[in-house]
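Thanks for coming, everyone. I'll keep this brief. Let's put the structure up and walk through it.

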Protein chains: 2
Amino acid sequence: MALEHALLIALREQPASGLELAKRFERSIGFFWSATHQQIYRVLGRMDGDGWVGVTEVAQVGRPQKKVYAVTALGEEALADWLGRPTHTDGLRSELALKMRGASFGDRGAVLDVVRAHLADHAVRLDHYRQLMKRDYPEPAALSGLDLDHYLVLRGGILTEETWIAWLGEYLEAHA
Amino acid sequence: MALEHALLIALREQPASGLELAKRFERSIGFFWSATHQQIYRVLGRMDGDGWVGVTEVAQVGRPQKKVYAVTALGEEALADWLGRPTHTDGLRSELALKMRGASFGDRGAVLDVVRAHLADHAVRLDHYRQLMKRDYPEPAALSGLDLDHYLVLRGGILTEETWIAWLGEYLEAHA
DNA sequence: CCACCCTATGCAACGAGTTGCAATACCTGT
DNA sequence: ACAGGTATTGCAACTCGTTGCATAGGGTGG
């Protein structure tokens, strides 16, 4: 039930077409809320029907026409309302943790390989986030408003990746 | 596609009925893979049909009969196979992160309240995990096999909660 | 005995998300 | 002109998970 609100946030930051949103979701917003373009199109259609967003067809040079969506007053209201409502704490949901727990019931070496692959993956992500951090927020103390929030969420991404790396490292160490 | 395997792991640790599994999922396993009893019943039915588990009806005193499931050789094979297969790194999926990012578009005070509620919730969980740790694994260095894996996954839960607390703390601090 | 609660199993309907494919517009290379 | 590639939007079918409800056995309190 949150993709709608993720899109509202993205569109308030910057109106965009479905495909542009999909691309943006692969980057910053999608770090903690991913979505495919099909799903985005479907939800945009519903939000248009609900009057949360408005559409403007925009012609482009050398490309097909696109539909740019922007948030309406009704959408702004829905977003503000949602932001203040309490949310259930999201539980973990990790297939890898499952495999780590059940490793005794299979080939442990194979599980350790899976863990190593994830460790490498998280290292890449962490590196990516750190580069974003250095490039976009070299002076965190000076931030406020939207920028400050973006910085803080990126901080969350970094902390999360560091935790994964520490955890998987402990697991590999214990089974070395 | 992983609930089946979560159930296989749980049933290999200890055969159980649907409701017993649901209760166990609320505790240890469900820390990183939750499921309602309805879903568990449905999946157990499918796994029975696939020959991954076998059922024994067990009469109880003062209670309705229950169906105890146990993993078959076929199920063991399916589990061992799954354990060694590579897994996609699971992306975050946090409604709270969304609200933190979009706080500028609503009442920031209300969002901070939501964040504080989550912080308190994570503190409770962390406390719970630490008690489990103290009670069940006072001597981590001595562990091996299944116990070691359970310990390490619980470690992951603790690291995760500590990260949440640190992150949300930073957020509140920055908006103080 | 009747109302109520707990255990245990299960169905049906819905919503969210994924996967695979299709259609259209426009460009480039041959 | 035609083949192939990319951008853009979209449909259909499927799986996964949630919510609400149903059923049935058995206990307990008034």
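Start at Lys67 of chain B. A polar atom in the side chain of Lys67(B) sits 2.4 Å from a phosphate oxygen of DNA strand C. Keep in mind that this is a predicted model.

Two more contacts to phosphate on that strand. Leu19(B) uses its backbone: an N or O atom there lies 3.0 Å from a phosphate oxygen of DNA strand C. Gln60(B) uses its side chain, with an N or O atom 3.4 Å from a phosphate oxygen of DNA strand C.

Which elements build this surface? Those giving two or more residues come from both chains. Chain A provides helix 3 (37-50) and strand 2 (63-71). Chain B provides helix 2 (18-26), helix 3 (37-50) and strand 2. Strand 2 of chain B gives the most, with five residues.

Now the whole neighbourhood. There are 25 residues around DNA strand C. Coming nearest are Met1(A), Gln39(A), Arg42(A), Tyr41(B) and Lys67(B). Of the DNA strand C atoms within 4 Å of the protein, 60% belong to sugar and phosphate. By type, the residues near DNA strand C are six nonpolar, ten polar and nine charged.

Over to the other strand. Around DNA strand D we have 24 residues. The closest are Tyr41(A), Lys67(A), Met1(B), Gln39(B) and Arg42(B). Here sugar and phosphate make up 62% of the strand's atoms within 4 Å of the protein.

Contacts next. Lys67(A) places a polar side-chain atom 2.4 Å from a phosphate oxygen of DNA strand D. Arg93(A) has a side-chain N or O atom 2.9 Å from a phosphate oxygen of DNA strand D. Gln38(A) reaches a base instead: its polar side-chain atom is 3.4 Å from a base oxygen of DNA strand D.

Which element gives the largest share of the surface near DNA strand D? Strand 2 of chain A, with five residues. The residues here split into six nonpolar, ten polar and eight charged.

Last stop: helix 4 of chain B, residues 73-84. Its twelve residues reach 17 Å from first C-alpha to last, close to the expected 16 Å. Which of its residues are buried? Gly75(B), Ala78(B), Leu79(B), Trp82(B) and Leu83(B). Seen down the axis, they fall within an arc of 135 degrees, so they line one face of the helix. On the other side, Ala73(B) and Glu77(B) are exposed.

And what covers the buried residues? The cover includes helix 5 (95-102) and helix 6 (108-136) of chain A, plus helix 1 (3-13) and strand 2 (63-71) of chain B.

That's my tour.

How values were computed: Residues numbered from 1 in each chain as written. Chains lettered and ligands numbered in written order. Predicted model: local features only at pLDDT ≥ 70, side-chain atom pairs only at ≥ 80, totals over all residues. Heavy atoms only, no water. Helix = DSSP H or I, 4+ residues; strand = E, 2+ residues; numbered from the N terminus. Expected span 1.5 Å × (residues − 1). Buried < 20%, exposed > 50% of the residue type's maximum accessible area, 1.4 Å probe, protein only. Arc of directions from axis to C-beta. Contact = heavy atoms within 4.5 Å. Near = heavy atom within 4 Å. Polar contact = N/O pair within 3.5 Å; in protein donor to acceptor, adjacent residues only side chain to side chain. Nonpolar A, V, L, I, M, F, W, Y, C, P; charged D, E, K, R; others polar.
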